[in-house]
Amino acid sequence: MTRWRRRGPSAGTFYPLAERVRPWTGLPPGELLERLHADLVDYSGGRLEDDLAAYRLPGGTRP
């Protein structure tokens, strides 16, 4: 998932992926993707009108 725009009063605002996903980083991959999908539906005003692909890469330590 690279970008997703909000609908409604603040239309055009891109989805803040890192900020929204940070609390879910310890979840199993399937649950993380389910939460991401639900959050995107909510963020977009209840309608996903474009294709969506997301995958979770294994985490590691940052330098």
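Of the contacts in the chain with a separation of 6 or more, 44% are made by residues 24 or more positions apart. The model is a predicted one, and its secondary structure comes to two helices and zero strands. The chain has 63 residues, of which 17% are buried.

A good place to start a tour is helix α2, which covers residues 29-43. Its 15 residues carry the helix over 21 Å from the first C-alpha to the last, close to the 21 Å expected at 1.5 Å a residue. Leu32, Leu36, Asp39, Leu40 and Tyr43 are the buried residues of α2. Looking down the axis of α2, these buried residues fall within an arc of 100 degrees, so they line one face of the helix. The spacing fits a familiar rule: an α-helix has 3.6 residues a turn, so residues three or four places apart point the same way. Glu34 and Asp42, in contrast, lie on the other side of α2 and are exposed. The cover over the buried residues of α2 includes α1, residues 17-21.

The segment after α2 also has features to look at. Ser44 is found there, and with a relative accessibility of 3% this serine counts as buried, because the cut-off is under 20%. The side chain of Ser44 reaches back to the backbone oxygen of Val41, at 3.1 Å. Gly45, which follows α2, has a positive phi, near 80 degrees.

The buried face of α2 leads on to the nonpolar core. The largest such core has eight residues in all, namely Tyr15, Val21, Trp24, Leu27, Leu32, Leu36, Leu40 and Tyr43. Helix α2 gives the most to this core, with four residues. Trp24 can be followed a little further through its contacts. Once neighbours within four places in sequence are left aside, Trp24 is in contact with Tyr15, Leu32, Arg35, Leu36 and Asp39.

Two members of the core also meet as aromatic rings. The structure holds one aromatic pair. In this pair, the rings of Tyr15 and Tyr43 have centres 5.1 Å apart and planes at 90 degrees, so the arrangement is edge-to-face. Distant parts of the chain are linked in this way, since Tyr15 belongs to the segment before α1 and Tyr43 to helix α2, 28 residues apart. Both partners are out of reach by the accessibility criterion: Tyr15 counts as buried at 6% relative accessibility, and Tyr43 is buried with a relative accessible area of 5%.

A polar link between the helices completes the picture. Arg20 is found in helix α1, while Asp39 is found in helix α2. Their side chains are joined by a polar contact of 2.9 Å. In sequence Arg20 and Asp39 are 19 residues apart, and from C-alpha to C-alpha they are 8.4 Å apart in space. As for accessibility, Arg20 is partly exposed, with a relative accessible area of 23%, whereas Asp39 counts as buried at 13% relative accessibility. The two residues therefore fall on opposite sides of the 20% cut-off for burial. Apart from neighbours within four places in sequence, Asp39 is in contact with Tyr15, Arg20 and Trp24. Among these partners, Tyr15 and Trp24 are also members of the largest nonpolar core.

Technical notes:
Residues are numbered from 1 along each chain as its sequence is written. This is a predicted model: local features need pLDDT of at least 70, side-chain atom pairs count only at pLDDT 80 or more; totals for chains, interfaces and linings use all residues. Side-chain values use heavy atoms; hydrogens and water are left out. The expected span of a helix is 1.5 Å times one less than its number of residues. Buried means under 20% relative accessible area, exposed over 50%, partly exposed in between (1.4 Å probe, protein chains only). The arc is that of the directions from the helix axis to the C-beta atoms. Contact means heavy atoms within 4.5 Å. A polar contact is a pair of N or O atoms within 3.5 Å; within protein, one must be able to donate a hydrogen and the other to accept it, and residues adjacent in sequence count only if both atoms are side-chain atoms. Rings of Phe, Tyr and Trp (its six-membered ring) pair if their centres lie within 6.5 Å; planes under 30 degrees apart count as stacked, over 60 as edge-to-face and the rest as tilted. A nonpolar core is a set of buried Ala, Val, Leu, Ile, Met, Phe, Trp, Tyr and Cys residues joined through side-chain atoms within 4.5 Å.
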